[in-house]
Amino acid sequence: MENPLIDSLASAVRAAPEDVPLRLHLAGLLIDAGRGTEAVVHLGVALGQQPDSEQARELMARALQPPQEPATPGAPAPGGFDWGSAEEQLGDAVPPMFVDGSEDSGAPLPPAYDVERHDLRLADVGGLTEVKKRLHAGFLAPLQNEELRKLYGKSLRGGLLLYGPPGCGKTFLAKAVAGELGAAFLHVSLADVLDMYIGNSERNIKELFATARTSAPCVLFFDELDAIGQRRSQVRNSGMRGTVNQLLEELDGVGAENDGVFVLAATNHPWDVDPALRRPGRLDRTLLVLPPDQEAREAIFRTHLRTRPVEKIDVRRLAKATDGYSGADIAHICESAAEIALMDSVETGQVRMIGMADLEAALRDVRPSIGPWLETARNVALYANESGEYDELARFLRKRRRG
C-alpha cells in the first residue's frame, strides 16, 4: 500500500543521501509499515556513515525481527501459557515418567557415527594429475578390477596414507575415492576418538570399525592421524598408547574381518605417526599431496567464485600469482575479496560486483600458510630419510628451491 509520507521521505533521502537522521526517520516508518527489508538497506548505509549510532543499531534489530503474527481471539498473551488448552490436548496421552527397561521396543538403535554418501569423483578434483594417476594405479585399480586382482594374486589388505602440507585437499581426495568406489564415507577426527575416561578411546575405535563393517563397502577415513596414532615412544599417557594399540588391532582385523572396509588416513606430519601403523597390511602405502598446481588453482578459484557476483575475473592471472598457495589459502583470498566488495557496497549504498581489484587487494594481504610445514619437511628430508621413504618429498623440495 502506498504511503505518501514514506514516499516523500524517500525522495528527500535520495536528494540528501548524507542526512543520517532523515534516513533513520524513514527506516523507522518503513519498519512500522511492515517493510523491514527496505529499512535494512537504509540502516546499512546509515551504519556505514555512523557505525556508533545507537538509534541505527536499535532500528536494525527491529528490522531483522520476523513479523509478528496477529493475535487471535482467546489466545494467551505473548509469553503466557494456556494451561487449559494444554490439559485438553494431552488428556490421557501422557507417557509414564519412568520405565524399568524390561520391555524392548525392537527398534534398532541409531548408529553411533554418521556415515555419509558422496557423488564426488576424481574428475571433480582440479589438477593434481600425477596424484590422481598414482591413486588410481596403487589403490583404486586393484579394488575396481576383481578378476585381474585375483589373476595377479593382489591382496586387498592395507590402507593408504595421504600426507602433505595443510589445506591442500587430502580430505577432498578421500571423499572422491569413496565416490569412485561407490562406497560410504566415515570421517573420523580426533574428537571422535579421544575420551578423558580410561578405556573409552579404545571403545570408540572399536565402534568406528564396527560401524564401517556394517556399512560396507565403506571408506574409513582418519583425519590428522598423527594426533590419533602418534608415536608411542613419545607418549607418556598410557591411555594414548592403548588407543594406538586398539587401532593396530582393528587394522589387523583381529576378531572381525575388514572385507569391504577401505582405510584411508591423512596427516601433515607422517614422521610423527607411530611406525607400526605404516607396516605392511596396515597403512602401508603413502601418497604425497602437494600444493595445487596452476590448473588446480584455476579450478579452485572458479569453484569459490562460482556462486558470487563477479565480473571480468582473470583466473589464469590469479593462478599464476598464487604459486605455493594451498587450496585453503585461495579460498581465504576469495572470501576476503567478497568482504571488501560487501563493505564497499554498505558504505556507498550501491551494490556492486566483485572485480579483479578486490581479489588483488586480498592477495596482497593473504600470505601462503605452508611455510612452517616446508621448514619442518626440509629438516626431515635432509636428516631423517635414511630409509628413503621421503625421497619424493626431497625431490619436491629441491625442485621448489631451484624454482
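## A walk from strand β3 outwards

Let us start at strand β3, which is mostly covered: five of its five residues are buried. Buried here stands for under 20% relative accessible area, exposed for over 50% and partly exposed for anything in between, with a 1.4 Å probe and protein chains only. Strands (E, at least two residues) and helices (H or I, at least four) are DSSP runs, numbered from the N terminus. The model is a predicted one, in which local features need pLDDT of at least 70 and side-chain atom pairs count only at pLDDT 80 or more, while totals for chains, interfaces and linings use all residues. Residues are numbered from 1 along each chain as its sequence is written, and side-chain values use heavy atoms, leaving out hydrogens and water.

Which way do the side chains of β3 point? Cys218, Leu220 and Phe222 point one way, Val219 and Phe221 the other way, and all are buried. In general, side chains of a regular strand alternate between the two faces of the sheet.

Now look to either side of β3. Two strands pair if DSSP finds at least two bridges between them. β3 pairs with β2 in the parallel sense over five bridges; Ala184 has Cys218 as its bridge partner in β3, and Val188 has Phe222. β3 also pairs with β4 in the parallel sense over five bridges, and there the partner of Phe222 is Ala265.

Stepping back, we find five strands in an open sheet with parallel pairing, in the order β2-β3-β4-β1-β5. The edge strands, each pairing on one side only, are β2 and β5 (285–288). Neighbouring strands are turned by 20° against each other on average, direction ignored; such angles run from 0 to 180 degrees between N-to-C directions, and axes are lines fitted to C-alpha atoms, for helices over the stretch in contact. Helix α6 (residues 129–144) packs on the sheet, touching β1 (160–163), β4 and β5, and its direction makes about 155° with that of β5. Helix α8 (residues 170–181) packs on the sheet too, touching β1, β2, β3 and β4, at about 170° to the direction of β3. Contact means heavy atoms within 4.5 Å.

Next comes the nonpolar interior. A nonpolar core is a set of buried Ala, Val, Leu, Ile, Met, Phe, Trp, Tyr and Cys residues joined through side-chain atoms within 4.5 Å. The largest one has 26 residues, and those with the most contacts inside it are Leu186, Phe209, Leu220, Phe222, Leu225 and Leu247. Elements giving two or more residues to this core include β2 (184–188), α10 (200–214), β3 (218–222) and α12 (238–251). Apart from it lies another core, of 25 residues, among them Val125, Val177, Phe262 and Leu264.

Finally, visit two helix pairs. The axes of α3 (residues 36–49) and α4 (residues 54–63) are 9 Å apart and make an angle of about 155°. That makes α3 roughly antiparallel to α4, because angles over 145 degrees count as roughly antiparallel, under 35 as roughly parallel, 65 to 115 as roughly perpendicular and the rest as oblique. The contact involves residues including Leu43 and Leu47 of α3 and Leu59 and Met60 of α4.

How do α15 and α16 cross? The axes of α15 (residues 327–348) and α16 (residues 356–365) come within 8 Å and cross at roughly 120°, which means that α15 is oblique to α16. Among the residues in contact are Ile333 and Ile340 of α15 and Leu359 and Leu363 of α16.
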